Amino acid sequence: MTTEVILHYRPYENDPTQLAKIVEKAIQDFPTHPLSRFVPWFPQDGSKLPLKPKRLPPAISGEAAETVKQRLTISEPSIKSQSYDCTVELLEFQTSVKMQNLVQSHTLNEQTSSGSLDKNSRKENQPKKRSWSVSLGSKHCPEKFFPLCKKLQASLKTLHLHSLHRARWTLEDSVCNNQTLEDIWTKLNHLIRHHELPSCNATIQRQLGQIWVFCDIMYCEYVGNLLKERLSLVGKINLFVHKYGVIFSM
């Protein structure tokens with residue numbers, strides 16, 4: 001019994017020894033393993049089914065069945081006839097296409113990919129606006145800071161908040177005093193990097209038009225006064241605690 005094999009190969013893959021090995025591997029029989037005998041988990045006498053639905057299937061009228069068939073016919077994509085020739089869609093195996101066209105298409109693809117890479121590199125090289133403050137962390141704390149006012153102490157006692165609980169000051173556009181939010185953000189980062197605001201870190205919420213300054217409650221009044229003084233803020237700033245909302249303003 002002879003087996004006819006049609007082997008397609010590219011011009012630069014014309015090594016006869018390698019082609020012979022490829023053909024030998026292609027016509028080798030696939031290893032098979034005998035399947036174990038299937039043993040059903042339910043009785044095979046056919047007297048009763050192992051599972052029985054509670055309700056009967058819904059009855060579909062003739063008109064409804066026709067409508068479903070029409071919709072399925074429209075939604076199903078057209079199926080091409082099955083072909084076992086793997087070179088049908090490859091341009092390099094089509095005799096009507098010249099090598100020059102292949103080179104041109106390859107060059108065009110390279111130019112397109114290089115153009116997209118250039119665009120991505122330009123986007124990466126654009127300066128990104130930082131959203132969080134950067135500080136190295138320091139154990140330095142102010143030598144002198146006044147205790148919390150009575151109103152704030154009463155709020156902490158009512159809410160059972162620890163002195164190391166985190167809170168945040170909210171700085172909005174309305175308190176910037178003829179400054180932009182980005183100007184305030186730049187000055188604030190300078191203060192945090194030089195450890196002038198104890199236990200603080202901050203983030204700018206540009207989509208909300210706000211800056212959030214986080215600190216420990218034990219320093220919150222000291223930090224609030226320093227923010228208003230060093231950033232030249234006007235109006236009231238609010239102290240916010242998670243789950244409790246605004247607990248203090250100054």
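**Arg168 of strand S1 and its partner in strand S4.** In this predicted model, Arg168 has Phe240 as its bridge partner in S4. Strand S1 covers residues 166-172, and strand S4 covers residues 238-241. The two run antiparallel and are joined by three bridges; strands count as paired if DSSP finds at least two bridges between them. Strands (E, at least two residues) and helices (H or I, at least four) are DSSP runs, numbered from the N terminus. Residues are numbered from 1 along each chain as its sequence is written, and side-chain values use heavy atoms, leaving out hydrogens and water. Because the model is predicted, local features need pLDDT of at least 70 and side-chain atom pairs count only at pLDDT 80 or more, while totals for chains, interfaces and linings use all residues.

**Strand S1 with strand S3.** Look at Arg168 again: its bridge partner in S3 is Phe214. Seven bridges link S1 and S3, and these strands run antiparallel. How many of the seven residues of S1 are buried? Five are, and S1 is mostly covered. Here, buried means under 20% relative accessible area, with over 50% called exposed and anything in between partly exposed (1.4 Å probe, protein chains only).

**The hairpin of S2 and S3.** Now follow the chain from S2 (201-205) to S3 (210-216). These two strands make a hairpin, with four residues between them. In the turn you can find Gly209, which has a positive phi of about 70°. S2 and S3 run antiparallel, and five bridges join them. One pair to pick out is Thr203 with its bridge partner in S3, Trp212. S2 is largely enclosed by the rest of the structure, because four of its five residues are buried.

**Helix H6 and its neighbours.** Helix H6 spans residues 220-230. Its buried residues include Cys220, Glu221, Val223, Gly224, Leu226 and Leu227. What do the buried residues of H6 pack against? Their neighbours are the helices H4 and H5 together with the strands S1, S3 and S4. Try zooming in on Leu227: leaving aside residues up to four places away in sequence, Leu227 touches Trp169, Leu188, Leu197, Val213, Ser232 and Leu233. Contact means heavy atoms within 4.5 Å. Ser232, just after H6, takes a positive phi of about 55°.

**The largest nonpolar core.** This core holds 36 residues, and those with the most contacts inside it are Trp169, Leu188, Leu197, Ile211, Val213 and Leu227. At least two core residues come from each of H4 (150-159), S1, H5 (181-193), S2, S3, H6, S4 and S5 (245-249). Which element gives the largest share of this core? H5 does, with six residues. A nonpolar core is a set of buried Ala, Val, Leu, Ile, Met, Phe, Trp, Tyr and Cys residues joined through side-chain atoms within 4.5 Å.

**The chain around these views.** Stepping back, you can count six helices and five strands. Read from the N terminus, the order of elements is α-α-α-α-β-α-β-β-α-β-β. The chain has 250 residues, and 23% of them count as buried. Of the contacts between residues at least 6 apart in sequence, 67% join residues at least 24 apart.
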